[in-house]
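Q: Please pick one part of this protein and take me through it slowly, along with whatever sits around it. I'm in my first year, so spell out the terms as you go.

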Amino acid sequence: MKKEIKKDKKLRLATIWLDGCSGCHMSFLDIDERLLLLAEKVDVVFSPLVDVKEFPEDVDITLVEGALGSEEDLHKLMKIRPRTKTLVAFGDCAITANIPSMRNPFGTEETLNYVYLEMGADNPQIPMQGVPPLMKRALPLHNYVKVDVFIPGCPPSADTIFFAVSELIEGRVPDLSTYTRFGA
Ligand code: SF4
C-alpha cells in the first residue's frame, strides 16, 4: 500500500466504475446489512451510490470497477490515482480488461460499425455526441497506474468484498487466497 491509513477517524472511501457493467457495484450492495458495519468506519465521499460530482482529494481507499475503455476512463483514472492512498482494482474488468477487451481483436471502427450500424434495428447511426472516444484497446488499470490491491471475480462475491474492504480499513492487505479458486 502506498501510505499508512489513519485509524483514529473514519476513513474516506470512494468507488467508481469505468468500462464495466455495474455488476461489481451490485455485488458490493449484496453485502446487505454488513454495509452498516462498514458505515461505522468509512465515509463514502464519491461513488455512483452518492451524489458527489467531483472526485475529492485525500481519499483513503478507492474501488475502481471496469477496464479502461475510453479516453474519459483514462482521464478519470489519472485524476483518481494521486488523490487516493490505496487504489483497488475491483473485479476482473479492472484487473484483466475481461469483457470489455473482447472488442480488442476487431479495432474501434469495426466494433462501432457492428454495434451501431449492423445491429442497430431502427435508424442505425454512430453517435457523435455524448460518447467519449474509445481507446484502441480496452486495457486493465495497471497498464497505466500503480494498483495497490486486486479483488478478482466477475463479480467478486459480497463475502469477498466485505472481507477485503474490512481488511483495508484495518490497514492490512487482504489475503484473498481462501476466497479465490487459485489462491496462494
Ligand atoms: S468484472 Fe464482471 S461484474 Fe464486474 S464490471 Fe466486469 S463484467 Fe461486470
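What follows is a close look at the sheet and its surroundings.

A: First, some ground rules: this is a predicted model, where local features need pLDDT of at least 70, side-chain atom pairs count only at pLDDT 80 or more, and totals for chains, interfaces and linings use all residues. Residues are numbered from 1 along each chain as its sequence is written, and side-chain values use heavy atoms, with hydrogens and water left out.

Now the sheet. It is an open one built from 5 strands, lined up as β2-β1-β3-β5-β7 with parallel pairing. The names come from DSSP runs numbered from the N terminus: helices are H or I runs of at least four residues, and strands are E runs of at least two. Two strands count as paired if DSSP finds at least two bridges between them. At the edges sit β2 (42-46) and β7 (149-151), each of which pairs on one side only. Going from strand to neighbouring strand, the turn is 25 degrees on average, direction ignored. Angles like that run from 0 to 180 degrees between N-to-C directions, using axes fitted to C-alpha atoms (for helices, over the stretch in contact). As background, strands of a sheet pair through backbone hydrogen bonds, either parallel or antiparallel.

Let's zoom in on β3. On one side, 5 bridges join β3 to β1, and the two run parallel. You can spot tryptophan 17 there, standing opposite glutamate 65 in β3. On the other side, β3 pairs with β5 in the parallel sense over 6 bridges. Look for valine 59, whose bridge partner in β5 is threonine 84. How buried is β3? Its residues are buried in 7 of 7 cases, so the strand is largely enclosed by the rest of the structure. Here "buried" means under 20% relative accessible area, "exposed" means over 50%, and "partly exposed" is in between (1.4 Å probe, protein chains only).

Carry on to β5 (residues 84-90), which is joined to β7 by 3 bridges, again in parallel. Alanine 89 faces phenylalanine 150 of β7 there. Lying across β1 (11-17), β3 (59-65) and β5 is helix α3 (residues 71-80), which runs at about 140 degrees to β5. Contact, by the way, means heavy atoms within 4.5 Å.

Next, the charged pairs. A salt bridge here is a side-chain nitrogen of Lys or Arg within 4 Å of a carboxyl oxygen of Asp or Glu, and the whole structure has 12 of them. One of them is at the edge strand β2: aspartate 43 meets lysine 10, at 3.6 Å from N to O. Aspartate 43 is in β2 and lysine 10 is in the segment before β1, so this pair ties together parts that are 33 residues apart in sequence. Aspartate 43 is partly exposed at 36% relative accessibility, and lysine 10 is partly exposed too, with a relative accessible area of 36%.

Helix α3 has a salt bridge to look at as well. Glutamate 54 pairs with lysine 79, with the closest N and O atoms 2.9 Å apart. That links distant parts of the chain: glutamate 54 is in the loop between β2 and β3, while lysine 79 is in α3, 25 residues apart. Lysine 79 counts as partly exposed at 27%, and glutamate 54 as partly exposed at 46%. Glutamate 54 also forms a salt bridge with arginine 83, where the closest N and O atoms are 3.8 Å apart. Arginine 83 sits in the loop between α3 and β5, 29 residues from glutamate 54. What is the accessibility of arginine 83? It is buried, with a relative accessible area of 19%. Put together, Glu54, Glu57, Lys79 and Arg83 are linked in a network of salt bridges.

One last stop, away from the strands: phenylalanine 162 lies in helix α6 (residues 158-169). It counts as buried, at 18% relative accessibility. Leaving aside residues up to four places away in sequence, phenylalanine 162 touches Ile31, Arg34, Leu37 and Leu38.
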